[in-house]
Amino acid sequence: MVDLVSQYQNIQEQVQEKMNEVLSSAQFINGPEVKSFQKELEDYLDVKHVIPCANGTDALQVALMSLGLKPGDEVITANFTFAATVEVIDLLRLKSKLVDVDAETFCIDPQAIEKAITPNTKAIIPVHLFGQCAPMEEILEIAKQHDLYVVEDTAQAIGAGYTFSNGEVKKAGTMGTIGTTSFFPSKNLGCYGDGGAIFTNDDDLAHRMRGIVNHGMYERYYHDEIGVNSRLDSLQAAVLRVKLPLLDSYNEARQKAADYYDKAFETHPNIQTPARNQAVSTHVFHQYTLRVTGKDRNALQKFLAEKEIPAMIYYPVPLHRQKAYDDGSYADEDFPVTMQLIDEVISLPMHTELTQEQQNYITSQIIEFLGN
């Protein structure tokens with residue numbers, strides 16, 4: 001699904017040089033590499049504050065902790081996403097309110113958000129799924145009307161741009177109250193271990209989150225509030241400093257690969273290629289996710305495995321059916337789009353080193369199985 005070996009070989013010298021600098025300095029925690037990466041990411045995103053942390057899940061948790069929410073406060077998010085998004089809500093004893101997604105983009109449906117709002121609702125977590133932005137203009141308007149926080153989950157869409165109706169363009173993760181991301185190795189901007197970051201333009205929230213990620217300390221050994229231990233280490237920051245200037249070219253390579261897939265499948269009656277609305281959001285294709293209709297998606301995945309083609313199903317079980325999060329308050333009928341997607345979606349190999357030869361083999365095998 002991701003060829004990290006080839007990607008590393010292309011930047012091996014720069015990465016080793018940077019990592020050797022960290023090893024020689026022995027400043028492994030909050031060293032100069034972390035501070036430099038923070039500033040460079042702020043510049044790239046055009047955001048006032050970046051707070052590096054240990055991983056993307058911590059980024060979401062710290063973001064919610066900073067908002068001063070109380071147990072039982074409701075946070076609305078999508079049912080069709082990875083569990084980390086609701087995991088942190090429940091860990092903080094908040095209440096997750098799951099809603100359906102849009103059938104075209106797979107991102108959270110604003111109409112479903114509006115229907116789910118109650119007097120206890122305090123925040124919305126839109127997930128920029130698979131590489132493109134959720135409909136942020138509508139979401140921000142809903143949040144404004146109901147005085148809600150917006151915490152963007154940008155783990156799959158860093159580098160994507162969103163265009164508002166007035167022509168203003170902002171990067172994913174910089175539009176809401178707080179943005180979060182993951183630097184897990186397979187992400188568009190990935191390190192060589194775990195890593196994450198939080199973004200905001202709010203000075204007070206930034207100050208609070210900087211304390212929270214460091215045991216609630218603003219001054220050493222003085223703990224002003226309950227915090228966590230969540231820091232991006234210097235070795236990971238060194239890797240990210242090498243890769244950040246390449247992020248746009250990495251995303252362009254993914255878009256080029258997506259164009260090839262689109263063209264190969266454009267007339268096939270049983271394949272729905274990923275929707276793209278470039279006028280609103282660029283798509284950076286963390287995943288290239290098809291919908292297979294009228295055919296057995298699971299049989300296709302098995303066939304591809306036999307042909308040594310990896311293909312993943314994100315996500316086979318919706319959150320409301322997961323044992324950890326099934327509180328009995330939801331029915332399948334509440335999520336008609338999600339219930340359809342879990343039977344149809346399949347993600348193909350997508351990374352910066354894909355060749356046309358590889359893609360030709362992948363697409364020809366899929367068409368062979370499905371028939372013309």
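Helices and strands here are DSSP runs, numbered from the N terminus. With that in hand, welcome to the tour; keep in mind that this is a predicted model.

**Stop 1: Phe 106**

Select Phe 106, which sits in the loop between β3 (95–99) and α5 (110–116). Its phi is near 70°, a positive value in a residue other than glycine. Most residues other than glycine have a negative phi. Is Phe 106 buried or exposed? Phe 106 has 5% relative accessibility, so it counts as buried, the cut-off being under 20%.

**Stop 2: Asn 30**

Go next to the loop between α1 (4–25) and α2 (32–45), where you will find Asn 30. Asn 30 also belongs on a list of positive phi values in residues other than glycine, with phi near 55°. Its relative accessible area is 36%, so Asn 30 is partly exposed.

**Stop 3: helix α8**

Now select residues 234–243, the helix α8. How many of its 10 residues are buried? The count is 9, which leaves the helix mostly covered. Among the buried residues are Ser 234, Gln 236, Ala 237 and Ala 238, along with Arg 241 and Lys 243. To see what covers them, show α1, α2 and α9 (247–265), which are included in the cover.

Before leaving, zoom in on the N-terminal end of α8, which Asp 233 caps. A side-chain oxygen of Asp 233 lies 2.9 Å from the backbone nitrogen of Leu 235.

**Stop 4: where α1 meets α8**

Keep α8 on screen and add α1. The axes of the two helices, α1 and α8, come within 9 Å and cross at roughly 135°. That makes α1 and α8 oblique to each other, and α1 passes α8 in a right-handed crossing. The residues of this contact between α1 and α8 divide into 9 nonpolar, 3 polar and 3 charged.

Try showing the side chains on both helices. From α1, look for residues including Ile 11, Val 15, Lys 18 and Val 22; these belong to a group that meets residues of α8, among them Leu 235, Ala 238, Val 239 and Val 242.

**Stop 5: Tyr 192**

Select Tyr 192, in the loop between β8 (178–182) and β9 (196–200). Which residues does Tyr 192 contact, leaving aside its neighbours within four places in sequence? They are Tyr 8, Ile 11, Val 15, Pro 185, Gln 236, Val 239 and Lys 243. You have met some of these names already: Ile 11 and Val 15 in α1, and Val 239 and Lys 243 in α8, take part in the contact of the two helices. For a distance to draw in the viewer, try Tyr 192 to Ala 237: they are 45 residues apart in sequence and 9.6 Å apart in space, C-alpha to C-alpha. At 31% relative accessibility, Tyr 192 counts as partly exposed.

**Stop 6: Ser 281**

Move to the loop between β12 (271–272) and β13 (288–292) and pick Ser 281. With a relative accessible area of 3%, Ser 281 is buried. A polar atom of its side chain lies 2.9 Å from the backbone nitrogen of Cys 133. Beyond its neighbours within four places in sequence, Ser 281 is in contact with Gln 132, Cys 133, Gly 161 and Tyr 162.

**Stop 7: Tyr 315**

Finish in the loop between α10 (297–306) and α11 (336–344), where Tyr 315 lies. Look at the peptide bond that joins Tyr 314 to Tyr 315: it is cis, with omega near 10°. Most peptide bonds are trans.

Technical notes
Residues numbered from 1 in each chain as written. Predicted model: local features only at pLDDT ≥ 70, side-chain atom pairs only at ≥ 80, totals over all residues. Heavy atoms only, no water. Helix = DSSP H or I, 4+ residues; strand = E, 2+ residues; numbered from the N terminus. Buried < 20%, exposed > 50% of the residue type's maximum accessible area, 1.4 Å probe, protein only. Contact = heavy atoms within 4.5 Å. Polar contact = N/O pair within 3.5 Å; in protein donor to acceptor, adjacent residues only side chain to side chain. Axes fitted to C-alpha atoms, helices over the stretch in contact; angles between N-to-C directions. Parallel < 35°, antiparallel > 145°, perpendicular 65-115°, else oblique. Left-handed = near helix turned anticlockwise from the far one by under 90°. Nonpolar A, V, L, I, M, F, W, Y, C, P; charged D, E, K, R; others polar.
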